[in-house]
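Please work through the following exercises with the sequence and the model at hand. Each task is followed by a solution in steps.

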Amino acid sequence: MRAVIQRCACCEVLSEGQLVGSVGQGLVIFLGIKKGDTIKDGIYIADKIMNLRIFEDEEGKLNKSILDVDGELMIVSQFTLYGDCRHGRRPSFFDAEEPLKANKLYEDVVTYCREKGISVKTGKFQTMMNVKLDNIGPVTILLDSEKVF
């Protein structure tokens with residue numbers, strides 16, 4: 001499982017022209033599910049996201065987590081995080097999980113974060129979305145449950 005995490009002042013997600021979610025201060029998470037991922041991968045990614053210290057403390061150091069700042073999460077599914085561009089000019093998405101399994105794990109990650117007390121909004125799975133993001137910093141972090149980066 002992979003996640004691209006971006007700190008935001010606010011974010012809105014539109015699916016097929018309709019607003020499906022918006023958050024204020026917090027994190028935008030683009031989440032990709034790989035073939036063979038399990039709930040163990042989802043819990044690893046969710047715990048990392050919730051505990052990453054990427055918000056400033058009183059001294060301006062990145063020392064606070066989303067839990068510390070009472071921020072919100074916007075979690076958007078993005079199978080293209082498993083696009084392989086090493087050969088040719090068009091990405092291969094062979095490693096991305098098939099939609100039914102991916103959606104189940106995506107929903108499991110969302111539920112897990114909500115159970116930890118975080119306000120979570122989402123995009124709409126398997127639709128064309130527009131993400132309007134006011135990135136702060138910018139701060140962008142990459143996570144992979146296989147720890148390849």
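The exercises below treat charged pairs, a buried acidic residue, backbone geometry and surface features.

The model is predicted: local features require pLDDT of at least 70 and side-chain atom pairs count only at pLDDT 80 or more, while totals for chains, interfaces and linings use all residues. Residues are numbered from 1 along each chain as its sequence is written, and side-chain values use heavy atoms, with hydrogens and water left out.

**Exercise 1. Salt bridges**

Task: State how many salt bridges the structure holds, and describe the pair formed by Arg-7 and Glu-56.

Solution.
Step 1. Side chains of opposite charge can pair when their charged atoms come close. A salt bridge is defined here as a side-chain nitrogen of Lys or Arg within 4 Å of a carboxyl oxygen of Asp or Glu. The structure holds seven of them.
Step 2. One is the pair of Arg-7 and Glu-56, with an N to O distance of 3.1 Å. The pair links distant parts of the chain, since Arg-7 lies in strand S1 (residues 2-15) and Glu-56 in strand S4 (residues 55-56), 49 residues apart. Helices (H or I, at least four residues) and strands (E, at least two) are DSSP runs, numbered from the N terminus.
Step 3. For accessibility, buried means under 20% relative accessible area, exposed over 50%, and partly exposed in between (1.4 Å probe, protein chains only). Arg-7 counts as buried because its relative accessibility is 3%. Glu-56, at 39%, counts as partly exposed.

**Exercise 2. Two lysine pairs**

Task: Give the closest N to O distance for Lys-64 with Glu-58 and for Lys-104 with Asp-108, and place the residues.

Solution.
Step 1. In the salt bridge of Lys-64 with Glu-58, the closest N and O atoms are 2.9 Å apart. Lys-64 is partly exposed at 22%, whereas Glu-58 is exposed at 69%.
Step 2. The salt bridge of Lys-104 with Asp-108 also has its closest N and O atoms 2.9 Å apart. Lys-104 and Asp-108 are four residues apart in helix H2 (residues 99-115), so about one helical turn separates them. Asp-108 has a relative accessible area of 22% and is therefore partly exposed.

**Exercise 3. A buried acidic side chain**

Task: Asp-37 has no salt bridge; determine which backbone nitrogens its side chain reaches.

Solution.
Step 1. Asp-37 occupies the loop between strand S3 (26-32) and helix H1 (39-51).
Step 2. Asp-37 is buried, and the nearest side chain of opposite charge, Lys-34, is 6.6 Å away. For this count, Lys and Arg are positive and Asp and Glu negative; His and the chain ends are not counted.
Step 3. The backbone nitrogen of Met-1 is 2.8 Å from a polar atom of the Asp-37 side chain. The Asp-37 side chain also reaches the backbone nitrogen of Lys-34, at 2.8 Å.
Step 4. Leaving aside residues up to four places away in sequence, Asp-37 touches Met-1, Gly-32, Tyr-82, Leu-105 and Ser-145. Contact means heavy atoms within 4.5 Å.

**Exercise 4. Backbone geometry**

Task: Identify the peptide bond that is cis between Gly-137 and Pro-138 by its omega, and locate Glu-16 and Lys-147.

Solution.
Step 1. Most residues other than glycine have a negative phi, and most peptide bonds are trans.
Step 2. The bond from Gly-137 to Pro-138 is cis, with omega near -10 degrees, and Pro-138 lies in strand S8.
Step 3. Glu-16, although not a glycine, has a positive phi of about 50 degrees. Glu-16 sits in the loop between S1 and strand S2 (18-23) and is exposed, at 60%.
Step 4. Lys-147 has a positive phi near 60 degrees. Lys-147 belongs to the segment after S8 and is exposed, at 57%.

**Exercise 5. Strand S8 and beyond**

Task: Which residues does Leu-133 touch, and which residues make a nonpolar surface patch?

Solution.
Step 1. Leu-133 lies in strand S8 and is partly exposed because its relative accessibility is 29%.
Step 2. Not counting residues up to four places away in sequence, Leu-133 touches Gln-6, Cys-8, Cys-10, Cys-11 and Val-28.
Step 3. Leu-142, Val-148 and Phe-149 make a nonpolar surface patch of about 310 Å². Patches consist of residues with over 30% relative accessible area and no salt bridge; like charges are joined within 9 Å, and nonpolar side chains (Val, Leu, Ile, Met, Phe, Trp, Tyr) within 5 Å.
Step 4. Phe-149 is in the segment after strand S8 (129-144).

How values were computed: Areas by Shrake-Rupley, 256 points an atom, 1.4 Å probe, with all protein chains shown as cover. Polar contact = N/O pair within 3.5 Å; in protein donor to acceptor, adjacent residues only side chain to side chain.
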